[in-house]
Amino acid sequence: MQLSTAHHDERLTAPRSWWGIAVMTGLAGALMLLPLGTLPLLAGLVGGTALAGLMVSSYGSARVRVVNGALAAGEARIPVSALGEPEILDAEEARAWRTYKADTRAFMLMRSYVPTAVRIEVTDPADPTPYVYVSTREPQALVSALRAARAA
């Protein structure tokens with residue numbers, strides 16, 4: 001078995017403004033504990049910032065990869081042989097597929113802070129999922145990697 005050389009690796013990181021919100025959450029925690037003294041204030045600052053930062057980091061750690069003949073989007077792994085032709089969605093079309101055009105059976109790795117996406121039909125008749133929707137900042141690179149993996 002020959003492994004595919006097609007490769008795409010992208011991390012959908014959270015925007016910088018979300019990290020600012022995490023710091024402000026820590027400040028709010030510190031201010032709530034201010035009447036209790038300096039040590040609780042510092043604990044609120046560190047604990048609140050760390051907890052909010054952990055939440056931002058975990059949400060922003062989604063990865064989109066094409067490697068070894070499979071699309072890995074978040075926790076899902078789908079062989080490219082089970083996928084149809086990928087379609088690049090601009091910001092307006094991606095918003096439509098996230099809202100009123102969306103199918104509840106579809107697999108969607110969407111991040112609202114990423115304006116563009118790729119939609120790929122699932123061609124496996126045994127799979128009830130109609131399509132895969134993947135937010136990506138590099139839609140052309142993802143589509144190229146999917147096509148190269150399918151051709152390999």
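This briefing walks through the fold, the two sheets and the nonpolar cores of one protein.

The model is predicted: local features need pLDDT of at least 70, side-chain atom pairs count only at pLDDT 80 or more, and totals for chains, interfaces and linings use all residues. Residues are numbered from 1 along each chain as its sequence is written, and side-chain values use heavy atoms, leaving out hydrogens and water. The protein has four helices and eight strands. Helices (H or I, at least four residues) and strands (E, at least two) are DSSP runs, numbered from the N terminus.

**Overall shape**
- Along the sequence, the pattern reads β-α-α-β-β-β-β-α-β-β-β-α.
- The radius of gyration of the protein is 20 Å, whereas a compact globule of 152 residues would have one near 15 Å. This radius is taken over C-alpha atoms, and the globule rule is 2.2 Å times the number of residues to the power 0.38.
- The C-alpha atoms fill a box of roughly 65 × 40 × 25 Å along the principal axes.
- Of the 152 residues, 39% count as buried. Buried means under 20% relative accessible area, exposed over 50%, and partly exposed in between (1.4 Å probe, protein chains only).
- Among contacts with a separation of 6 or more, 68% join residues 24 or more positions apart. Contact means heavy atoms within 4.5 Å.

**The sheet of strands 1 to 4**
- This open sheet of four strands has the order 1-2-3-4, with antiparallel pairing. Two strands pair if DSSP finds at least two bridges between them.
- Strand 1 (8-12) and strand 4 (76-79) are at the edges; each has a single partner strand, so one side of each is left without a neighbour in the sheet.
- On average, neighbouring strands here are turned by 10° against each other, direction ignored. Axes are lines fitted to C-alpha atoms, for helices over the stretch in contact, and angles run from 0 to 180 degrees between N-to-C directions.
- Strand 2 (residues 62-67) pairs with strand 3 (residues 70-73) over four bridges, in the antiparallel sense. Arg 65 stands opposite Ala 72 in strand 3.

**The sheet of strands 5 to 8**
- Here four strands form an open sheet in the order 5-7-8-6, and the pairing is mixed.
- Strand 5 (83-89) and strand 6 (107-109) are the edges; each has a single partner strand, so one side of each is left without a neighbour in the sheet.
- Neighbouring strands of this sheet are turned by 15° against each other on average, direction ignored.
- Strand 5 and strand 7 (residues 117-122) run antiparallel, joined by five bridges. Ile 88 has Val 118 in strand 7 as its bridge partner.

**Helix 4 and both sheets**
- Helix 4 (residues 139-151) packs on the sheet of strands 5 to 8, touching strand 5, strand 7 and strand 8 (131-135). Its direction makes about 165° with that of strand 5.
- Helix 4 also lies across strand 1, strand 2 and strand 3, at about 35° to strand 2.

**Nonpolar cores**
- A nonpolar core is a set of buried Ala, Val, Leu, Ile, Met, Phe, Trp, Tyr and Cys residues joined through side-chain atoms within 4.5 Å.
- The largest has 27 residues; Leu 71, Leu 83, Val 134, Leu 142 and Leu 146 touch the most other members.
- Helix 2 (38-59), strand 2, strand 3, strand 7, strand 8 and helix 4 each supply at least two residues of this core. Helix 4 gives the most, with five.
- Leu 146 touches Val 66, Leu 71, Val 80, Leu 83, Pro 86 and Ile 120, not counting residues up to four places away in sequence.
- A second, separate core of seven residues includes Ala 94, Trp 97, Ala 106 and Tyr 131.
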